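Trainee: Hi, do you have a few minutes to go through a structure with me? I'd like to talk about its metal site and its charged pairs.
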Amino acid sequence: MTVLSLSATPVDEARADVVVIAAFAGDDGPVPADEAHGPLVERAATLGALGKADEVVLVDGSGLVRAPRVAVVGLGRRDRFEPDAVRRAAGAASRALAGHATVFSALSTLDLTAAAEGHLLGAYVFDRYKEPAKPPAQGIALLEPAGTQDAEALLRHAVVAAEAVAFARDLVNTAPNDLPPAAFAERAVAAATEAGLEVRVWDEERLRAEGFGGILAVGSGSVRPPRLVSIRYAPENATRSVALIGKGITFDSGGLSIKPAQGMEHMTSDMAGAAAVTATVLAAARLGLPVAVTAWAALAENLPSGSSYRPGDVLRHYGGTTVHVLNTDAEGRLVLADAIARAAEDAPDQLLETSTLTGAQVVALGNRTMGVMGEPGLRDRVAELARQVGEGGWAMPLPPELREGLESPLADMANVNWDRVGGMLVAGHYLSEFVPDGLPWAHLDVAGPAYNHAKTWGYTALGATGVPVRTLLAAVEDLARQDA
Ligand code: BES
Ligand code: MN
Ligand code: ZN
C-alpha cells in the first residue's frame, strides 16, 4: 500500500514526480485554493481546467516548481465547500496519478485528515486477480499544515481508517468462489489473532446445537456451510460497549426464489456488512479506543439446491421466534435476526447493524446514500456521522403500519410483505423485533453504497467501496467520547 508522510518543504521546492495543488470552480474558470499557486492554475486553465469536482489536469512544472509536473485538482464551488471535497479531490488525484512513483500533495493544507484518507483510498487497487496497468504511487508526502499541533496523530488516524476501508474492500472484492463462509471466517480469525483480539467461530454443528435457525437455513443450499464469527476488543479502560453486526452473505443468488441472471454477479458484495464490522473492530483496537467493541459476522452462502430452504418453510431463530419464509431472497434479515438476538445477550450499551439488505434502499436513496433506521436518537446521530465522514446517510422512519405486512397466520412473523411497499423500512421492522426494548440501535442499509458498478468518482474505484467502515468507526468514537 501507498506510504504517507508529512513534509514541511514548500511546494515549489518539493522533490517528487508530481506535485498536487487545488483549485475551486469559479464563475470565470478555476480559482487557486492557495493564492501562491495562481500561475500554475493559470497554466491548467489554458488546458481547459475549470476546478470542478473530480477534475485532474496535469501541467508542466518548469519555471514554477522543482517537480517536473503539477496536477491541478478541482474542489468544486467554494460556496459549497465541505471536507469531503478535499477527500474526493485527493482520491481523484491518486487515481489519475497512478504510474508516478512519488507524489507531493498540498491538499493537506485544506484538511489534513481528508487529504490523507482521500489519497490512500484513491490509491487502493485490488490486485489478487491481475496487476493494475499502472501501479499506484509508492509514497505520497503531505505538506504539513501550518500551526497544526497534532499532525502526526491526525495522519495516523487517517491511515488506520483508510487501511480498515482497504481491508473491507479486499474482502468484498474477493470473488465468491474464493470466499465461502469458512474462508471469510479464517481471514477474520487471522486478522483478529494478529491484533491480539479474542475471536470465536460457530461452525454448522455449533450453530445447530445452539439453535441458529436463520443462519443454518440460509446456508443450507450450499455445500459450503455457514459460520458465525465474533471478534471482541475489550480494553481495560472501557466503560461502555457496542455490538456491531454485519450481514455476511458470501453470495446471494436468491436461493430457490432465484434472482434474474442480469446483475446477479454483483451479489458477490452481499457480505459487505460483515466485512465492515470486522474491519471496524480491528481499527478500534489499533486506535486503542476506550470502548468495548464486539463485531459479529453472520456468514452464509444463499444458493438453490436439493438441500435449500424453501418458500413455505417455518424456521426458528436464535431465541425462539418463528418465521414463515415466503421468499428465500429475503435472506439477510434471517441471518441477522439470529446474530442480533445473540449479540444482545451480552447486553451492550448500543447495537449497530449494517447490511446490503434491500434493493428498495437503492430505489429510495440511490447508490451513494445509506438508509439509517432504528432508535431515533442513535439513528439521527449515525446518519449525521455518515455525512460528516463523506459516506452519505439519511435517517429513515419505521412507520408502524408497515409492521403489519409481516404478520403471519402460521408463525410469529413472515419474512416479507407481499405488497412490496416500503421494502427498506419493512426490513428494518423485521430486524427491530430482535432488538431488546430500551437498547439503542441503528440499522444501516448500504445495498447501494457498498459496491460501485457504475463509474469511478473521487476516491471510489469500481467494485467495493468500503462503506460503511468510516461511519461505524466514527460512531464507535462518538460513543467513546460520550463517556469522557
Ligand atoms: N442482497 C439483496 C439486496 C440487494 C439488492 C443488495 C441490490 C445490493 C443490491 C437482498 O438479499 C435481497 O435480495 N433483497 C430483496 C428483498 C425482497 C425479496 C423482499 C430485494 O431487495 O429484492
Ligand atoms: Mn437476497
Ligand atoms: Zn442478500
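Trainee: Let's start with D252 and E331: are they buried or exposed?
Mentor: Both D252 and E331 are buried. Keep in mind that this is a predicted model.

Trainee: Which protein donors does the manganese ion (ligand 2) have?
Mentor: D252 and E331 each give a side-chain oxygen, OD and OE respectively, while D329 contributes both O and OD. These donors lie 2.0 to 2.2 Å from the manganese ion (ligand 2).

Trainee: And what is the arrangement of the donor atoms around the manganese ion (ligand 2)?
Mentor: It is irregular, because the 6 donor atoms subtend angles of 70 to 167 degrees. For six donors to count as octahedral, opposite ones must be over 155 degrees apart and all others between 65 and 115.

Trainee: How are the donor residues spaced in sequence?
Mentor: The pattern for the manganese ion (ligand 2) reads D-x76-D-x1-E. D252 sits in strand β10 (residues 241-252), and E331 is in the loop between β13 (322-324) and α9 (332-345). That puts them 79 residues apart, so this pair links distant parts of the chain.

Trainee: What does D252 coordinate?
Mentor: D252 coordinates both the manganese ion (ligand 2) and the zinc ion (ligand 3), and the two ions are 3.2 Å apart.

Trainee: Switching to salt bridges, how many are in the whole structure?
Mentor: A search finds 26 of them. One of these joins D27 and R77, with the closest N and O atoms 3.1 Å apart.

Trainee: Where do D27 and R77 sit in the chain?
Mentor: D27 is in the loop between β2 (18-26) and β3 (29-32), and R77 is in the loop between β5 (69-74) and α2 (83-96). They are 50 residues apart. D27 counts as exposed because its relative accessibility is 66%, whereas R77, at 31%, counts as partly exposed.

Trainee: What about D84 and R87, buried or exposed?
Mentor: Both D84 and R87 are buried. Their side chains meet in a salt bridge at 2.6 Å, N to O. About one helical turn separates them, because they are 3 residues apart in helix α2.

Trainee: Which residues are in a salt-bridge network with D84 and R87?
Mentor: The network links those two with E117, E391 and R470.

Trainee: One more: how far apart are the closest N and O atoms of R481 and D478?
Mentor: They are 3.2 Å apart, and the pair forms a salt bridge. R481 and D478 are 3 residues apart in helix α13 (residues 469-483), so about one helical turn separates them. R481 counts as exposed at 51% relative accessibility, while D478 counts as buried at 8%.

Key: Residues are numbered from 1 along each chain as its sequence is written. Chains are lettered from A and ligands numbered from 1 in the order in which they are written. This is a predicted model: local features need pLDDT of at least 70, side-chain atom pairs count only at pLDDT 80 or more; totals for chains, interfaces and linings use all residues. Side-chain values use heavy atoms; hydrogens and water are left out. A salt bridge is a side-chain nitrogen of Lys or Arg within 4 Å of a carboxyl oxygen of Asp or Glu. Helices (H or I, at least four residues) and strands (E, at least two) are DSSP runs, numbered from the N terminus. Buried means under 20% relative accessible area, exposed over 50%, partly exposed in between (1.4 Å probe, protein chains only). Donors are N, O and S atoms within 2.8 Å of the metal (3.2 Å for Na, K and Ca); water is not among the atoms, so sites may look incomplete. Four donors count as tetrahedral if all angles lie between 85 and 135 degrees; four count as square planar and six as octahedral if opposite donors are over 155 degrees apart and all others between 65 and 115; anything else is irregular.
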